[in-house]
Amino acid sequence: MGKLKAAMRLAVAAAAVACGIGIAKAAPEAYPQKVVTLVTHSSPGGGSDVFLREMIKYLNRYIDATFVVENVQGGSGARAMSKVATAKPDGATFYAITPTYVFTSLMSKVPSTYKDMQPVVTVFSDAEVLFTRTDGPFKSLKDVIAHAKEKRGRWGVANPASLERQAAERLKKAAGVNAAIVSHEGGGDMMINVLNGTLDVGVGEIQELRSQLEAGKVRLVATFNSKRLDGYPNVPTVKEEGFDVVVQKFRGLAGPKGQPPEVLAIWERAMRGLIADPDYKKVYAAESLVPEVQGSAGATKLVDDFAAESEAFLKEAGAAK
Amino acid sequence: MDTLLKCLTLLVATPLVPAAIIGLVWGIIGGALPGISASVTMSLVLPFTYAMDPMVAIVLLASVYIGAEYGGSIPAILIRTPGTNSAAATVVDGYEMKRQGRAGEALGISLWSGVIGSLFGLVMLIGLTEPLSRIALAFKPMSYCALGLLGLSIIASLSGGSLLKGLAAALVGMMVSTIGIDPISGVDRFTFGQPDLLNGVKPIMVMVSLFAVSELLRQSGSKSVALGQQSVRITLPNLAMMRRLIKPQFIGCITGTVEGLMPGGGGSIAAFFSYNEAKRWSKHPEEFGKGSVEGVAAPEAANNTVASASLIPLLSFGIPGSNSAAVLLGGLLIHGLLPGPRLFEQNADVVLGLYTGSLVATIAQIAVGIVIMPVCMWLVNRPRPYLAAFIYLLVLSGIYTINGSLFDLGIVLFGGLVGFLMKAFGYPFLPAVLGVVLGPIVESNYRRSMLLSGGDLSIFLDDPIAVGFLITAVLFLSWSLWREWRDAVARRTEVKPA
């Protein structure tokens, strides 16, 4: 693991040098720590890993510190969560959060849960969409629901413990239809089943669909976000279509409990600056990430509300511990 | 002609050749270390590629993949430890050959077959991406479930004697594979509140414990220290041998292509399958398990073919056919390259570079293999106590790197003890390994199919691929049972006169 860490540090340093040549506007804010470790449970190249690595390329413009991404894999995220939850709350260690960390806490017995960490900031909301194959029979969400009412729907989600599954289950309930919600081992697996017609629709994030979308193989049916997506203004929200289901796949950072207030304030300011940075904007706009920055108080409320909602939902489905 | 010229320009004008060779060497090293799978080897270099030119980065990653698939066979042959999942089938005859003092020959065959497999996979990738990608789309959950069952039907012929013991071993393997998070509902199963078990027991841990650790335990019981100094020269197959290897290699190439197209397999199924089929069609099936050259050639051709073939669904849909292809996908995305139908139009030069680089890596494989093999063989020719200590170190540190967890080391040591006892009571290892690999494929896809149909089994009949696989499975099974019965009768008639 030591080698891996060293390798990552080197790569991060190289990226930092490469970016340093870019425009340096206002001086970055002073920070109590020299090195900040950002932990993720995802493997190099995975969702949260890419989020962190893209972010730290530009973060030095706003916070005066060296950022290191550390991939702590294993135990379905339990190891990464324990590592962060038991670290010192001094602003040197953070964890990349998404709804997954709440699900892991609720569904599995893990030594440290989301409750043992303090949300520091949320940055984005991913675009969660319902999609179908272009040459299939479904043109709109109404078609999908009508089919599920008449016969039986077949809806796909990438992973069992995921926001996508919750979105699908809630839509099924809101529409009062009969649909099999089939979970897969990742988005690629599900994509094949949407493309070959095994599934009526799939629920996923825009980033995972981009190549098929650009090739015109799949079509977006609706988005689960609260508003229409900037990149796809013609795609209605699920709510507009008459079903009161809105989900928000937040992305942000959490740290060990008891962070100094100035650290929290610096992160909030830095994130607001970062999402307005034109260079970074290009990166996240391409992935249809919706910037929604919340400071620690807002982020904590968001996570707590989400956890309460999910817990009630999982209990009902019999999946919570 | 134009394309050829472009390829040549790439070779001369870009650091493609060094990238391919560095990637290959790194891949062979990573692949040869047990526990460090091809995908981990690739993840380790991934951060270094961020600052590189996209094409060079992709060539580097693809070469690592090619190298790792080959490297996994080195410890499989020399120290009975598969370096990667897909080298498990090579252990059987490869290590047997080494014990007979034919290590150089076994390594030469594995190298030669690996090159053939890579070349075949590349030809498929370059020439048939379009039609083959359509096949990849035809696989539904029902087809996967049926494929898994077909895989399990070869247990009988891997059992090496007792069908009952083979089935018992496979069953235990399948039971081990259910530990962890339920693939469909997401709840914990059989983890006993132990978070380290949430990710399950990885097939590589089972393979390493059964093959390597149990062998170390067994060896520590034997007093003989003399190992017999073996030659450290690698022997590439001569013409007659090459001709003999064509059939098993062909079998390996075909099964490897099919598995590469299907996301989820990762090479080990193709390796087992080709081993089994090579045995079935061989003129010398009795040599299998006792150091058959064909038993090394088939799985080694298969796992190298998978490395190239799994790029087909990756490049054409952005859907990775193996864990390693998933890392490559990450590499493409980080460089802003979107795999999918439009990659070939928008980034034709990257694709061309990838083809050329893979070809360079494949050819370089021969040279690199010839250079490093003698070193490896010299290493395993050390006196047994040193060697055993070295293997323990290699195995345990390799497993530790998977999750950085001491708990995993406990699992592997315990598994070694189980393996030792299995050996003592005549239970075969291969069915257990097959159970661990195939159990999740059969289970999750069966449950997916049942979800899709609402519990109606006839959904399997609606899928022609599934029907085909199931019929083949029944045929295989009847054939093995018939042979079992025939041998039993033969044995009885032999005993009677005495």
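Below, a colleague questions a modeller about the labels used for this predicted two-chain model.

Colleague: Why is the pair E185(A) and R448(B) called a salt bridge?

Modeller: The closest N and O atoms are 2.8 Å apart. The rule asks for a Lys or Arg nitrogen within 4 Å of an Asp or Glu carboxyl oxygen. The pair therefore qualifies under that rule. Across the interface of chain A and chain B, the rule finds two salt bridges.

Colleague: What makes up the contact between chain A and chain B?

Modeller: Chain A gives 48 residues and chain B gives 46 residues. Contact here means heavy atoms within 4.5 Å. The buried area is about 3,900 Å². Carbon and sulfur atoms give 62% of that area.

Colleague: Why quote an area for an interface?

Modeller: Because the size of an interface is often given as the accessible area lost when the parts come together.

Colleague: Which residues does L338(B) touch, leaving aside neighbours within four places in sequence?

Modeller: L338(B) is in contact with R210(A), S211(A) and E214(A) from chain A, and with L333(B) and L343(B) from chain B. L338(B) sits in the loop between α16 (323-334) and α17 (343-346) of chain B.

Colleague: Why is L338(B) called buried?

Modeller: The relative accessible area of L338(B) is 14%. Buried means under 20%. So L338(B) earns the label. L338(B) also lies 9.4 Å from F317(B), C-alpha to C-alpha, with their positions 21 residues apart in sequence.

Colleague: How do you know that D279(A) and R61(A) form a salt bridge?

Modeller: Their closest N and O atoms are 3.0 Å apart. The cut-off is 4 Å, so the pair passes. This pair links distant parts of the chain, 218 residues apart. D279(A) is in helix α10 (residues 278-286), while R61(A) is in the loop between α2 (47-59) and β2 (66-71) of chain A.

Colleague: Are D279(A) and R61(A) buried or partly exposed?

Modeller: D279(A) has a relative accessible area of 23%, so the label is partly exposed. R61(A) has 17%, which is under 20%, so R61(A) counts as buried.

Colleague: What makes E205(A) and R251(A) a salt bridge?

Modeller: The N to O distance is 3.8 Å. The limit is 4 Å, so the pair is accepted. E205(A) lies in strand β8 (residues 201-205) and R251(A) in strand β10 (residues 249-256) of chain A, so the pair ties together parts 46 residues apart in sequence. E205(A) is buried at 6% relative accessibility. R251(A) is buried too, at 6%.

Colleague: What makes R244(B) and E294(B) a pair that links distant parts of the chain?

Modeller: The two are 50 residues apart. R244(B) is in helix α12 (residues 239-261) of chain B, and E294(B) is in helix α14 (residues 293-309). Their side chains meet at 2.7 Å, N to O. R244(B) is partly exposed at 30%. E294(B) is buried at 4%.

Colleague: Which residues are joined into one network by salt bridges that share partners?

Modeller: D126(A), E164(A), E205(A), K249(A) and R251(A). Over all chains, the salt bridge count comes to 32.

Colleague: Why is V213(B) called buried?

Modeller: V213(B) has 2% relative accessibility, and the cut-off is under 20%, so the label follows. V213(B) lies in helix α11 (residues 203-221) of chain B. Its contacts beyond four places in sequence include V395(B), V412(B) and L413(B). V213(B) is 7.7 Å from Y392(B), C-alpha to C-alpha, yet 179 residues away in sequence.

Colleague: Why is T40(A) called buried?

Modeller: T40(A) has 0% relative accessibility. That is under 20%, so T40(A) is buried. T40(A) is in strand β1 (residues 35-40) of chain A. Among the residues T40(A) touches are L52(A), V69(A), A80(A) and Y95(A).

Colleague: What makes I21(B) partly exposed?

Modeller: I21(B) has a relative accessible area of 34%. Partly exposed runs between 20% and 50%, so I21(B) fits. I21(B) is in helix α2 (residues 16-32) of chain B. With V25(B), W26(B), I29(B) and L33(B), I21(B) forms a nonpolar surface patch of about 360 Å² accessible area.

Colleague: Where does UniProt place the feature "transmembrane region" in chain B?

Modeller: The unreviewed UniProt entry lists several spans, including residues 7-29 and 350-380. Residues 7-29 are 91% helix, with end C-alpha atoms 28 Å apart. Residues 350-380 are 100% helix, with end C-alpha atoms 41 Å apart.

Key: Residues are numbered from 1 along each chain as its sequence is written. Chains are lettered from A and ligands numbered from 1 in the order in which they are written. This is a predicted model: local features need pLDDT of at least 70, side-chain atom pairs count only at pLDDT 80 or more; totals for chains, interfaces and linings use all residues. Side-chain values use heavy atoms; hydrogens and water are left out. Patches are made of residues with over 30% relative accessible area and no salt bridge: like charges are joined within 9 Å, nonpolar side chains (Val, Leu, Ile, Met, Phe, Trp, Tyr) within 5 Å. Accessible areas come from the Shrake-Rupley method with a 1.4 Å probe; for residues, only the protein chains shown count as cover. Helices (H or I, at least four residues) and strands (E, at least two) are DSSP runs, numbered from the N terminus. Buried means under 20% relative accessible area, exposed over 50%, partly exposed in between (1.4 Å probe, protein chains only). UniProt positions are given in the numbering used here, feature names are shortened, and annotations may be inferred rather than shown by experiment. Buried area is the accessible area (1.4 Å probe) that two parts lose on being put together, summed over both.
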